[in-house]
Amino acid sequence: MNTPAPSTKRAIATSVLMFAAFMDLLDVTIVNVALPAIRSDLDASPAHLEWILGGYTLAFAVLLITGGRLGDIFGRQRVFVIGVAGFTLASLAACLSGNGDTLVAARVVQGAFAAMMVPQLLSTVQVMYAPKERANVFGIVGAVSGTAAVVGPLLGGWLITHDAFGVGWRSIFLINIPVGIVLIVLALKYVPNTVSERATRLDLPGFALATIGVFLLVFPLIEGREQGWPAWIWAMFAGAAVVLAAFVANQRRTERLTQSSLLPMHLFGNRGFAAGLVTQAACSAAMAGFALTLVIYVQSGLGFSAVHAGLVLLPFSLGAFIGVGISAPLGLKLGKVVLFAGAILQAVGIWWLARIVSDHGAGFGAWDGTPPLLAAGIGLGMLVVPLIDIALATVSTDDAGAASGTYSTFQQLGSALGIAIVGAVFFHVVGDTFTETGLRDGFVEASWWAAGGYLLSAAATLFLPDRNAVQRHAREQAELLETV
């Protein structure tokens with residue numbers, strides 16, 4: 001039976017696990033500002049740039065639930081250490097990449113190993129801390145996530161602009177190596193190798209079908225334009241539909257027979273939870289696609305330095321903190337009204353920025369983008385913080401873990417699809433030759449699509465559980481904590 005670790009040891013263990021999660025989030029955001037430098041140095045194609053971001057997110061999404069299950073079965077410390085080691089070696093491979101293909105491959109491997117290390121945080125916290133203590137720990141996890149969103153673009157921009165270590169953009173991967181080594185040493189000493197007392201088997205057929213189906217969907221979205229949309233690209237889209245349909249059938253059968261399906265299909269019959277998945281996936285898609293196009297435009301089109309590009313994104317991150325301050329006291333009181341307003345505010349912010357960029361042209365400056373990006377960031381904070389609680393309001397306690405894993409998976413899949421779809425629109429307008437006018441037109445066009453994603457997210461919030469259900473869920477959770 002798993003027992004809580006002594007307070008000092010568990011504090012160190014939690015810090016190690018949190019820093020690994022911070023490193024994962026940092027690696028997602030830090031790469032954005034490096035894309036123009038990578039394109040120039042490696043002669044990378046637009047598809048390479050999309051894969052550098054989307055490949056990481058896609059591998060992470062597909063393997064996230066499996067990574068958690070591996071920890072439950074084989075020991076969370078063991079799987080965490082393997083994840084950190086693989087992530088560190090993949091960072092070294094990314095640092096040494098000599099062409100776009102190699103860097104994309106390294107990023108995919110990075111995402112795969114990140115999916116092994118990140119899920120162990122919440123699983124281990126649940127073992128080491130009593131339920132009454134977990135709220136504070138989860139609050140710190142949220143703060144770490146927010147900090148990574150702010151620090152990533154700024155740190156990446158500073159490393160590249162100042163040519164840290166004399167290796168240019170490669171420094172954003174180089175810094176992972178010593179950090180990874182330290183995390184492995186500390187994890188082996190302090191993180192307990194706990195296992196689940198009710199670990200389920202791995203759903204390998206489901207994992208294979210999900211991986212193939214998602215690949216068949218995302219690959220043609222990213223590669224279609226460069227390949228000239230030949231017949232085999234459209235055949236991949238058709239194949240994706242067939243394979244994903246087979247995946248759904250397989251998951252239903254597996255859940256019925258063994259209760260070990262990759263995704264708990266019965267949860268999709270819960271309208272409120274399904275609406276939460278769509279809300280989060282659409283928001284993640286819009287945000288990831290928008291960030292990709294904005295950073296490329298201001299650097300390649302307007303000549304901003306990498307650190308300057310990071311500062312352009314700063315109002316968005318700071319706005320998110322303000323939005324959290326708004327949603328924290330109001331989210332459970334007003335329910336989906338706050339989420340709807342947040343999604344609309346993001347759509348308005350992106351539309352507003354696109355109009356400013358279109359009107360100012362080459363004269364666009366960082367301060368010009370501050371008001372709309374601040375507004376969009378506030379909308380983000382209003383949406384994402386209360387969303388998971390509201391989405392889970394009608395999910396039974398027994399299904400809470402599976403629902404959280406499914407929610408995180410759709411969040412990551414949304415990001416990958418957003419990079420693919422919004423990126424495809426952007427590069428279709430821009431073409432292979434990056435000019436200020438072409439990049440501006442591409443950014444404006446892509447922004448309309450990103451705004452559309454936020455509007456879809458807003459529409460999905462209307463199907464979330466109502467305020468009474470949310471408040472009832474909050475009372476039940478509070479009563480449960482009091483009895484433990």
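## Helices α12 and α17

The axes of helix α12 (residues 271-301) and α17 come within 8 Å and cross at roughly 165 degrees. Axes here are lines fitted to C-alpha atoms, for helices over the stretch in contact, and angles run from 0 to 180 degrees between N-to-C directions. Helices are DSSP runs of H or I with at least four residues, numbered from the N terminus. α12 and α17 are therefore roughly antiparallel to each other (the term applies to angles over 145 degrees). Their crossing is left-handed, a term for a near helix turned anticlockwise from the far one by less than a right angle. The contact of α12 with α17 has 17 nonpolar, eight polar and two charged residues. Ala, Val, Leu, Ile, Met, Phe, Trp, Tyr, Cys and Pro count as nonpolar, Asp, Glu, Lys and Arg as charged, and the others, Gly among them, as polar.

## Basis of the model

This is a predicted model, in which local features need pLDDT of at least 70 and side-chain atom pairs count only at pLDDT 80 or more, while totals for chains, interfaces and linings use all residues. Residues are numbered from 1 along each chain as its sequence is written, and side-chain values use heavy atoms, with hydrogens and water left out.

## α14, α17 and Ser447

α17 also packs with helix α14 (residues 336-360), at an angle of about 170 degrees and with the axes 8 Å apart. α14 and α17 are therefore roughly antiparallel to each other. By class, this contact has 18 nonpolar, five polar and three charged residues.

Ser447 sits in helix α17, which covers residues 436-461. Ser447 is buried, with a relative accessible area of 1%. Buried means under 20% relative accessible area, exposed over 50%, and partly exposed in between (1.4 Å probe, protein chains only). Ser447 touches Phe290, Ile350 and Ala354, leaving out residues up to four places away in sequence. Touching, or contact, means heavy atoms within 4.5 Å. Phe290 falls within the residue range of α12, whereas Ile350 and Ala354 fall within that of α14.

## The α4 and α5 pair

Helix α4 (residues 76-95) packs with helix α5 (residues 100-117) at an angle of about 165 degrees, and their axes are 8 Å apart. That makes α4 roughly antiparallel to α5. The crossing of α4 past α5 is left-handed. On the α4 side, the contact is made by Val79, Phe80, Ile82, Gly83, Val84, Gly86, Phe87, Ala90, Ser91, Ala93 and Ala94. On the α5 side, Leu103, Ala106, Val109, Gln110, Phe113, Ala114, Met116 and Met117 take part. These residues divide into 15 nonpolar, four polar and no charged.

Ala105 is also found in α5. At 41% relative accessibility, Ala105 counts as partly exposed. Its C-alpha is 8.3 Å from that of Ala94, and the two residues are 11 apart in sequence.

## Helix α9

α9 spans residues 176-190, 15 in number. From its first C-alpha to its last, α9 reaches 20 Å, close to the 21 Å expected at 1.5 Å a residue. The expected span is 1.5 Å times one less than the number of residues. Its buried residues are Asn176, Ile177, Gly180, Leu183, Ile184, Ala187 and Tyr190. They pack against α1 (7-30), α4, α5 and α8 (171-174).

## Loops with positive phi

Asp43 lies in the loop between α2 (35-42) and α3 (46-74). Phi of Asp43 is positive, about 55 degrees, although Asp43 is not a glycine. Asp43 is exposed, at 69% relative accessibility.

Trp229 lies in the loop between α10 (204-227) and α11 (231-258). Phi of Trp229 is near 50 degrees, again positive in a residue other than glycine. Trp229 is partly exposed, at 33% relative accessibility.

## Loops and distant partners

Val395 is in the loop between α15 (370-391) and α16 (400-430). Val395 is buried, with a relative accessible area of 9%. Its C-alpha is separated by 7.2 Å from that of Phe273, 122 residues apart along the chain.

Gly168 is in the loop between α7 (131-161) and α8. Gly168 and Asp41 are 127 residues apart in sequence, yet 9.3 Å apart in space, C-alpha to C-alpha. Gly168 is in contact with Leu159 and Asp163, leaving aside neighbours within four places in sequence.

Note on methods. Helices (H or I, at least four residues) and strands (E, at least two) are DSSP runs, numbered from the N terminus. Angles under 35 degrees count as roughly parallel, over 145 as roughly antiparallel, 65 to 115 as roughly perpendicular and the rest as oblique.
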